[in-house]
Amino acid sequence: MIAGMLPYMPKKFVWLFSKRYIAGKHRDDAIRISKELNAMGIMVTIDVLGEFITKLEEAEANKKEYLSLIDYIDSQKIALNVSLKPTMFGLLIDKEKCYQYIREIVQKAAGYNGFIRVDMEDSQCVDMEIELFRKLKKEFPENVGLVVQAYLKRTLDDLKNMLDLNTPEIPTNYRLCKGIYVEPAEIAFKEKDVINQHYLEDLEFMFQNNIYAGIATHDKKLVDGAYELIKKYNVPKDMYEFQMLYGVTPDLRKSIVDAGHRMRVYVPFGEKWFAYSTRRLKENPRMAWLIIRAIFIRG
């Protein structure tokens, strides 16, 4: 009920819930949180919130914001690692223009020896985003990575089809997540246990083929499954990392770090926090109790 009502609620009210999962509205908020996480031995990837723009002029503005952000991150002595969504740069409006904008961002990051993660979006975008990644990877082999989603039935085949990009000298770099978009059963697994099974199959394929794995999950069963695969294939610590969203399962995150594994936290910020927050809640309605607690306990 709360998830359905959220888009109609005052933003100040929604912020009570959202501030737990978003660094803030401004880039200084993201830098502050990033430095706090770095002090705990945790790496970060910073993201400007926004997606699915409707006007190409917005893409130009988003490009400029990312270029400025890259300069600013470097000036703050934080390891440059940034995530972006292609639809924020007009993927569904002008595919070639989108590529040029993102290429400019990756080129800028490469000048600082930084890294850009291309997020995967809903199924209408997958082929275009793989195509975009291929072009970027060939030109900037060390500076760009992609997200793949275990709930899509095509993902293992996608990993196999991209093996030509993988080399011992410069492995491909994927963030493996479950997937968040609502997709039809024809193309996506629906049951949690089935999704988890395919998540671990995808991860095993990555380890078998010496692909760098960003193990993005808040599911303890998947964390334990990843531990078993890491041990089975004797995966070096510099060939994988765990990844989590800011503000989610901090205790599990700490246990992974304490066990000696590398951890990266996704740190989102920006004025478009409202859409991100409503999506987070729709993904996991059980988080609604945090809103209730925010109202009656935190005030």
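With which residue's side chain does the side chain of Arg175 make a polar contact at 2.8 Å? Select Arg175 in this predicted model and display its side chain: one partner is the side chain of Asp119, at 2.8 Å, and another polar contact, also listed at 2.8 Å, joins the side chain of Arg175 to that of Gln243.

**Stop 1: around Arg175**

Colour by secondary structure and you will find Arg175 in strand 5. Arg175 counts as buried because its relative accessible area is 9%, and the limit for that term is under 20%. Now extend the selection to the residues that Arg175 touches, leaving aside those up to four places away in sequence: these are Thr45, Ser83, Arg117, Asp119, Leu146, Val147, Val148, Gly214, Ala216, Gln243 and Tyr266. Keep Val148 highlighted, since this residue returns at the third stop, in the lining of the largest cavity.

**Stop 2: helix 6**

Next select residues 126–139, which form helix 6, a run of 14 residues that reaches 20 Å from its first C-alpha to its last, close to the 20 Å expected at 1.5 Å a residue. Show the side chains of Val126, Met128, Glu129, Ile130, Leu132, Phe133, Leu136 and Lys137, which are buried; the list includes Glu129 and Lys137, both of a kind classed as charged. To see what surrounds these buried residues, add helix 5 (95–111), strand 3 (115–118), strand 4 (144–149), helix 7 (155–161) and strand 5 (173–177), against which they pack. Strand 5 is also the element that holds Arg175.

**Stop 3: the cavity**

With helix 6 still displayed, turn to the enclosed space: the structure holds 1 cavity of 30 Å³ or more, and about 50 Å³ of space lies in the largest cavity. Select its lining, made up of Met120, Val126, Ile130, Val148, Gln149, Leu152, Thr155, Asp158 and Met162. Helix 6, strand 4 and helix 7 are the elements that each give two or more residues to this lining. By class, the lining has 6 nonpolar, 2 polar and 1 charged residues.

**Stop 4: the second largest pocket**

Finally, move to the second largest pocket, in which about 590 Å³ of space lies. Of the 27 residues that line this pocket, begin with Phe115, Glu142, Asn173, Tyr212 and Arg262, which lie nearest its centre. Then add strand 1 (43–48), strand 3 and strand 7 (240–245), the elements that give two or more residues to the lining of the pocket. Colouring this lining by class shows 12 nonpolar, 7 polar and 8 charged residues.

Conventions
Residues numbered from 1 in each chain as written. Predicted model: local features only at pLDDT ≥ 70, side-chain atom pairs only at ≥ 80, totals over all residues. Heavy atoms only, no water. Helix = DSSP H or I, 4+ residues; strand = E, 2+ residues; numbered from the N terminus. Expected span 1.5 Å × (residues − 1). Buried < 20%, exposed > 50% of the residue type's maximum accessible area, 1.4 Å probe, protein only. Contact = heavy atoms within 4.5 Å. 1 Å grid on protein atoms, 1.4 Å probe; cavity = no way out; pocket = protein on both sides within 12 Å on 5 of 7 lines; lining within 4 Å. Points joined across faces, edges and corners; volume = space filled by probe spheres on them. Polar contact = N/O pair within 3.5 Å; in protein donor to acceptor, adjacent residues only side chain to side chain.
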